[in-house]
Amino acid sequence: MARVKTIEKGFCFLCGRALLPNEGYLSLRDGSHICSHCTGKIRVMYPLSLTWDKKGNEVRHDPIEGLSLEEAGRALENAIPYTEELRAKYDHHNAVFVVESAVTEKGGFMKPPVIYACGRVIYGYFDQEDKVRLLHRGNASDVTLTSIFKVASYGASSYPCQGIGGKPCALVFSGKNLACEAGDLIVKD
Amino acid sequence: MALTGTKICAVCGKKLPKLMHLRLPDAYICMDCAEKAAEMLHTGYDAIGCMCLSEIRPLFERAAVRGGREDASGVFHNADQLRIIYPLIRTLREEPGEYGYKVEYIDPLDSLSDAELQAAPALAAKRREELEAKYGIHKAVFEVDRITKLYNESRGRRYYHNEYLISGRVLMGNIVLRDQAVVKRAEGTKELLIRKLGDCTEYRSDLKELKEGMEGGLFVESALSFVYPGDILCID
């Protein structure tokens, strides 16, 4: 019988799942590791921020890596109450995205302009073809997301992804007479 | 041996399909059994085809009693009743050839000592009481890990449809098709109808039941934006 060789790099200290390199896992301050499932649950409390060095290389600032196992365990228990607080703060919208910068491009012949809104998902999640509302200076416009990209060093990378609470991303949408600027909110109900 | 003689699978006893069968040196088995044998031995159909029935049948007998373990005193402990504290752990194994990796499950019951195995039923009962005290008495309780919007891909373009996969783990109880899941929000409770059950990937959606401790996915056909990672779904 062939010997089975599994690829896990240990087990999550919080939930006991296998740590798989393809799914990703994080090392905490005290040397313990937590899986991507647990990280995803507490990400909304500890948002990831990205910066770029002079050469354009991405530098991650992940506050979860600064937590101890005990703190991460407490955060896991408080993640949903924290999300409820955010929902109450943002009028019970199901998902909220804050725009940090926006770029408008020509949409082509007879097509409306395309807006790339870069920023961070505060909570909830955004997918392609979701119907959302752009809140700009007290005005609300209904738009459909044409794509969502991870924020890369130059503009946005070409792989569509899901915009998840606590992670930076770029939402792409188009429409006539739309204006979008830093500080605007994109919400989903 | 000619197929015209016995037309039943030598392992499962079901009627042998005309094409979907495998010839062993001394018997014929259906492809379902051949596939299971190949999975258990981590090998291909060619290797299974060279094995005798006497080598394959014990594998199935062992698999039938795999749903539990006997301790030193001869008491059989049913695995389904212990999964609440010892769930199967999903991992990947390297698959030689073109497939790369394949899902494999680590069974923590295999590595338990006799003393731990004997203490397990009491621990399971205690854990069940803790969960009931925390979430109330429900048919099942499911913890959400992530929510995925499903799509079909054709010619490099994604076509999204109004279907979501909620993946996570069954903390307590069993979930079956068309169960109603309830999530509590500050402004009220929201209900979801479970259309299909599957594993954690979106490729399989033909499971009939998710048992206690299993990692799996609930397929929901409605606009879904009010469930978050870490949420608890109560099923009644």
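Select helix H5 of chain B first and centre the view on B:Ala120: H5(B) bends there by about 40°, and a proline, B:Pro121, follows within four residues. The model on display is predicted.

Now show the whole of H5(B), residues 114-135. This helix has 22 residues, and the distance from its first C-alpha to its last is 32 Å, close to the 32 Å expected at 1.5 Å a residue. Step just past the end of the helix to B:Gly136, which takes a positive phi of about 85°.

Next, display chain B in full. Chain B contains five helices and 14 strands, and its C-alpha trace spans about 70 × 60 × 30 Å along the principal axes. Of its 236 residues, 25% count as buried. Among the contacts in chain B between residues at least 6 apart in sequence, 55% join residues at least 24 apart.

Colour chain B by domain. The assignment divides the chain into domain 1 (1-64), domain 2 (70-134) and domain 3 (138-235). Keep domain 2 and domain 3 of chain B in view: their C-alpha centres lie 23 Å apart. Eight residues from domain 2 of chain B and eight residues from domain 3 of chain B take part in the contact. On the domain 2 side, these residues comprise four nonpolar, no polar and four charged.

Turn now to chain A, for which the assignment gives domain 1 (25-89) and domain 2 (95-188). The C-alpha centres of these two domains of chain A lie 23 Å apart. Here, 13 residues of domain 1 of chain A are in contact with eleven residues of domain 2 of chain A. Select strand E3 (49-52) and H2 of chain A, the elements that give two or more residues to the domain 1 side. E3(A) gives the most to that side, with three residues. By class, the domain 1 side divides into seven nonpolar, four polar and two charged residues.

Leave H2(A) selected, residues 69-89. What span should its 21 residues have at 1.5 Å a residue? The expected value is 30 Å, and because the end C-alpha atoms are 29 Å apart, the model agrees with it. Centre on A:Asn78, where H2(A) bends by about 50°; a proline, A:Pro81, follows within four residues.

Which residues of H2(A) are buried? Show the side chains of A:Ala72, A:Ala75, A:Ala79, A:Ile80, A:Thr83 and A:Arg87, which are buried. To see what surrounds them, add strand E2 (33-35), helix H1 (36-42) and strand E6 (114-123) of chain A, against which the buried residues of H2(A) pack. Just after the helix, select A:Asp91, which takes a positive phi of about 55°.

Finally, bring both chains back into view and select the residues at which they meet. At this interface, 29 residues of chain A are in contact with 26 residues of chain B. H1 and H2 of chain A are the elements that give two or more residues to the chain A side. How many residues does H2(A) give to the side of chain A that touches chain B? H2(A) gives the most, with six residues. Colour the chain A side by residue class to complete the tour: the residues divide into eleven nonpolar, nine polar and nine charged.

Conventions. Residues are numbered from 1 along each chain as its sequence is written. Chains are lettered from A and ligands numbered from 1 in the order in which they are written. This is a predicted model: local features need pLDDT of at least 70, side-chain atom pairs count only at pLDDT 80 or more; totals for chains, interfaces and linings use all residues. A residue is buried if 20 or more other C-beta atoms lie within 10 Å of its own, exposed if 12 or fewer, and partly exposed in between; C-beta atoms are placed from the backbone. Two residues are in contact if their C-beta atoms, placed from the backbone, lie within 7 Å. The expected span of a helix is 1.5 Å times one less than its number of residues. The bend at a residue is the angle between axes fitted to the seven residues ending there and the seven starting there. Ala, Val, Leu, Ile, Met, Phe, Trp, Tyr, Cys and Pro count as nonpolar, Asp, Glu, Lys and Arg as charged, and the others, Gly among them, as polar. Domain bounds come from an automatic or database domain assignment.
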